[in-house]
Each structure stands twice: as C-alpha cells, then as structure tokens.
Amino acid sequence: MSYDEKFETFLDKTFYESLQESEQKSVKLLSTNYRFTFQEFRSFCEYSRDIQMWNETSLLDLCQNWENDFQSQWDIKKRKRELFSNIHNHMGRLKKAENKYSIKAQPKPERTIGKPVFQKSEKKIFGDCPVASPKTVCCNLKTIDAVEGCAFGCSYCTIQSFYGESPIFDADFGNKLKNLNLDPKRNYHIGTGQSSDALVWGNKNGILDDLCQFAVDNKNIILEFKTKSSNISFFKDKKIPKNIFCSWSLNTETMISNEEHYTASLEERFAAARAAANLGIKVAFHFHPMVHYEDSLEDYKNLINRVVENFTPEEVLFVSFGSVTFIKPVMQEIRKRGGESKILQMELVPDPHGKLTYPDEIKLALFHNAYKSFSEWHNKVFFYLCMERSFFWDEVFGEHYLTNDIFEKTMFESMSNKL
C-alpha cells in the first residue's frame with residue numbers, strides 16, 4: 001500500500017476534516033514528507049485543532065520555523081524526532097501557562113436547539129448522581145431527570161456531549177414521579193439539574209407542577225432546582241413547598257462571557273437568586289467548575305464578595321466548590337464542536353476516577369482562595385467540595401467526613417434547620 005493510500009485511511013479517525021482547507025493541504029504534505037504513522041498524524045491533527053481553538057500561533061507555522069533550524073545533515077528520522085519533540089514541548093508550555101482570555105468576549109459558537117420532543121420511554125427518572133463515588137467525599141445526591149438536553153452551550157458541559165439538539169421530555173414524567181417508591185424511613189437530597197438545566201424550560205410539560213406536588217407528597221425529601229438561567233417566573237405566583245430550594249451555578253464574568261455560552265449573565269443570575277430569596281425560597285450557590293486562568297483568583301474573590309454583600313447566611317443553604325474535570329469522550333466532543341475556547345488549554349492529570357483535571361496545587365489555590373473569601377460565612381453556611389478527595393477537604397476545611405453517609409446526614413440536617 002502506498003503512503004497516499006495509507007493516508008486516506010487516517011482521515012475519518014482524526015480531526016483532519018475539522019481543519020481549514022488550506023491547513024489540510026499543508027498537513028498532508030508534512031505528513032507525506034515525514035511519513036507520519038497513524039498515531040503521529042492523529043496527534044498532529046488534534047494539536048492543530050486545539051491550537052486553532054485556543055487562538056494561538058498555527059502549529060504549521062511553528063513547524064516551518066523549526067524545520068528551518070534543523071541541521072542539513074540530519075536524516076528524515078532524526079528530523080521527525082526533533083519535530084515532534086518541539087511539538088510536545090510547545091504544547092506542554094501552552095498548557096502549563098496561565099490562560100489569558102481576551103477582555104472582549106469570544107464569538108458564541110453556532111447552536112441549534114431543536115423542537116422539544118415529548119415521548120414515553122422505559123427509562124428510569126430516579127437514580128444516583130452520575131459522579132457519585134466511594135473514591136471521593138460524596139454527598140450521595142439523588143437525581144431526577146425531567147428533561148434530557150440543554151438549551152445552553154457551555155464549552156465544558158457533558159450534557160451536550162451525550163444528548164442531541166432537541167430536548168426530550170418524558171411524556172409520562174408525572175406518573176413516574178407518583179410511582180417512585182421512596183423509603184419513608186430515610187431522607188433524600190434530590191437534584192433535578194443533572195441531565196438538563198432545572199429551570200430553563202420553565203413549567204413546560206408541567207414538570208415544575210409535578211415536582212412541587214412530589215415535594216408536597218414526600219416530606220422526607222429536599223428538592224433542589226439547579227440552574228444557570230434567570231427563569232423563576234413559575235415561583236412568583238405559586239405557594240412553593242418549604243422543602244424546595246433553588247441553586248445557582250456561578251462563575252466569573254470572564255468564564256461566562258467566554259465559555260458559558262447562551263446562559264443567563266451574571267447580573268441576571270444574581271437578580272433571579274435575589275428575587276427567589278425575596279419570595280422566601282432558600283437559595284444555594286455552586287462554584288463549579290472553577291477554572292484557572294490569569295487573574296482567576298482575584299476574579300473569584302470579587303465574585304464571592306458580591307454574593308456575601310447581596311445575601312445573608314440565613315438565606316443560603318450551602319455553597320459548593322469544584323474544579324473543571326473531563327472525561328476523554330467529552331474532550332473529543334469539545335474539539336469536534338470547535339469554536340474559540342481555551343477550556344482545554346490546561347495541564348491535565350488523572351483523578352481517582354480516571355477523569356482528567358488540574359494538578360493538586362492549582363485546585364488547592366482555587367479552593368483555598370474561595371473558602372477564605374467566604375470567611376464571614378464560616379460556621380453560618382454549609383460548605384463542601386464536589387467530587388474531591390479527602391486530601392482536599394483536609395487542606396481546605398481542616399477535616400473531612402469519615403463516610404459518605406455521615407456527609408449526607410450532616411448536610412441534610414444543616415439544610416433542614418434552615419428550611
């Protein structure tokens with residue numbers, strides 16, 4: 001088989017087709033000259049895609065500069081070794097450096113939201129949090145999936161990696177809720193924002209009516225609506241059960257404008273949370289995912305100061321912190337979607353689940369800074385880390401729960417005392 005024939009077999013297994021046409025021709029020429037193996041070709045295309053999304057100097061331009069410096073007597077194998085050594089070193093430097101976001105928000109990627117689909121299915125709507133694990137200090141959150149799919153386009157989100165463009169509503173959702181067989185002798189903290197944003201769809205298909213009735217019928221649950229929207233219109237004219245609360249995922253202006261596409265702005269989220277609290281609904285805040293970039297520590301500190309200034313500890317059930325974390329299929333989906341994004345321009349190390357996240361020192365800096373910024377609320381609000389090892393709890397809070405059951409019980413009691 002000639003190299004040209006072999007090259008054709010590489011294409012549909014790489015990001016070659018995602019590159020610009022002019023880049024494709026140059027990549028093909030470079031690959032042919034150096035006789036790239038499939039693994040080398042795949043890596044080169046993936047690196048080129050990353051650099052394109054990060055808005056950094058083209059990898060092809062860098063290769064041309066490096067080639068100009070090669071010694072004339074080097075054979076092709078040594079040239080290729082030197083080329084890939086330079087590529088790997090360059091990518092490592094980019095990932096270790098602090099990301100520098102443009103002050104001006106990046107263009108939002110194209111996003112098509114299909115018409116909602118209402119269909120019956122055999123899928124269960126109740127289960128464990130998808131990241132629940134005995135390998136981390138875990139709150140044992142239970143989840144209810146009212147909708148599959150999201151209207152937002154956050155660059156790092158797993159939801160859009162697993163579901164299609166059309167949100168899917170379970171046509172039998174109300175009946176499934178009524179038929180859930182919960183243990184009346186135990187307590188449950190249940191979240192509804194795992195397979196979709198909890199409030200972005202409002203009361204479409206009667207999902208919020210059904211969930212409120214579910215809360216009324218089950219006094220042993222605390223039901224959480226987790227959101228990045230500002231859509232709280234449903235709550236304004238309703239008598240909301242006391243065991244329901246709303247939580248907002250908050251991030252810095254830099255992250256919202258560059259990576260959390262089509263979500264409510266920070267001002268809108270603050271206004272919605274404030275309006276909910278004014279209605280007597282308890283609120284909570286998730287700082288997750290926290291992202292490391294130039295000036296991120298100061299930005300998160302300023303964001304937290306705004307939370308402390310605008311809410312009282314009595315109105316807030318808890319505050320959680322968590323860092324950006326990826327599984328490889330999601331990373332590949334991010335590259336496939338494209339658009340300008342620096343969310344993968346980071347040094348990645350495996351966590352206890354085999355997922356990829358920041359090195360410990362970066363996570364500790366983010367968590368320490370955030371918790372310290374909430375110093376006025378220590379001992380007044382429940383704080384926790386999401387999906388993190390006991391090591392981080394000990395470093396940030398000075399202690400950790402010995403079992404996840406103890407964590408779950410303590411958190412539920414803390415919330416119950418404020419509801």
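1. In strand β11, the bridge partner of serine 247 is alanine 284, and this pair belongs to a parallel arrangement in which four bridges join β9 (residues 244-249) to β11. Please keep in mind throughout that this is a predicted model.

2. Strand β11 also pairs with β12, and here five bridges join the two strands, which again run parallel. Within this pairing, histidine 286 has serine 320 of β12 as its bridge partner. Between the two strands the chain passes through α12, and the resulting β-α-β crossover is right-handed.

3. How many of the eight residues of β11 are buried? Eight of the eight are, counting as buried any residue under 20% relative accessible area, and the strand is therefore largely enclosed by the rest of the structure. A backbone detail worth checking by eye is the cis peptide bond that joins histidine 288 and proline 289, with omega at about 10°; proline 289 itself has its place in β11.

4. Helix α14 (residues 360-373) passes a simple check on its length: at 1.5 Å a residue, its 14 residues should span 20 Å, and because its end C-alpha atoms are 20 Å apart, the model agrees with that expectation. The buried residues of this helix are Ile362, Lys363, Leu364, Leu366, Phe367, Asn369, Ala370, Tyr371 and Ser373, a list that includes a lysine as well as leucines. These buried residues pack against several elements, among them β11 (283-290), α12 (296-310) and β12 (316-323), so the helix meets the strand, helix and strand of the crossover described above; the remaining partners are β15 (356-357), β16 (382-385) and α15 (390-397).

5. Two residues other than glycine deserve a look for their positive phi. Tyrosine 262, whose phi is near 70°, is found in the loop between β10 (260-261) and α11 (266-278), and with a relative accessible area of 35% it is partly exposed. Asparagine 379, which has a positive phi of about 70°, lies in the loop between α14 and β16, where its relative accessible area of 84% makes it exposed.

6. Which residues does asparagine 187 touch, leaving aside those up to four places away in sequence? They are Asn220, Glu408 and Phe412. Asparagine 187 is found in the loop between α7 (173-178) and β7 (188-191), and it is partly exposed, with a relative accessible area of 40%. Although asparagine 187 and phenylalanine 412 are 225 residues apart along the chain, their C-alpha atoms are separated by 7.6 Å.

Terms used. Residues numbered from 1 in each chain as written. Predicted model: local features only at pLDDT ≥ 70, side-chain atom pairs only at ≥ 80, totals over all residues. Heavy atoms only, no water. Expected span 1.5 Å × (residues − 1). Buried < 20%, exposed > 50% of the residue type's maximum accessible area, 1.4 Å probe, protein only. Contact = heavy atoms within 4.5 Å. Pairing = 2+ DSSP bridges. Right-handed = clockwise from strand over helix to strand, strands pointing away.
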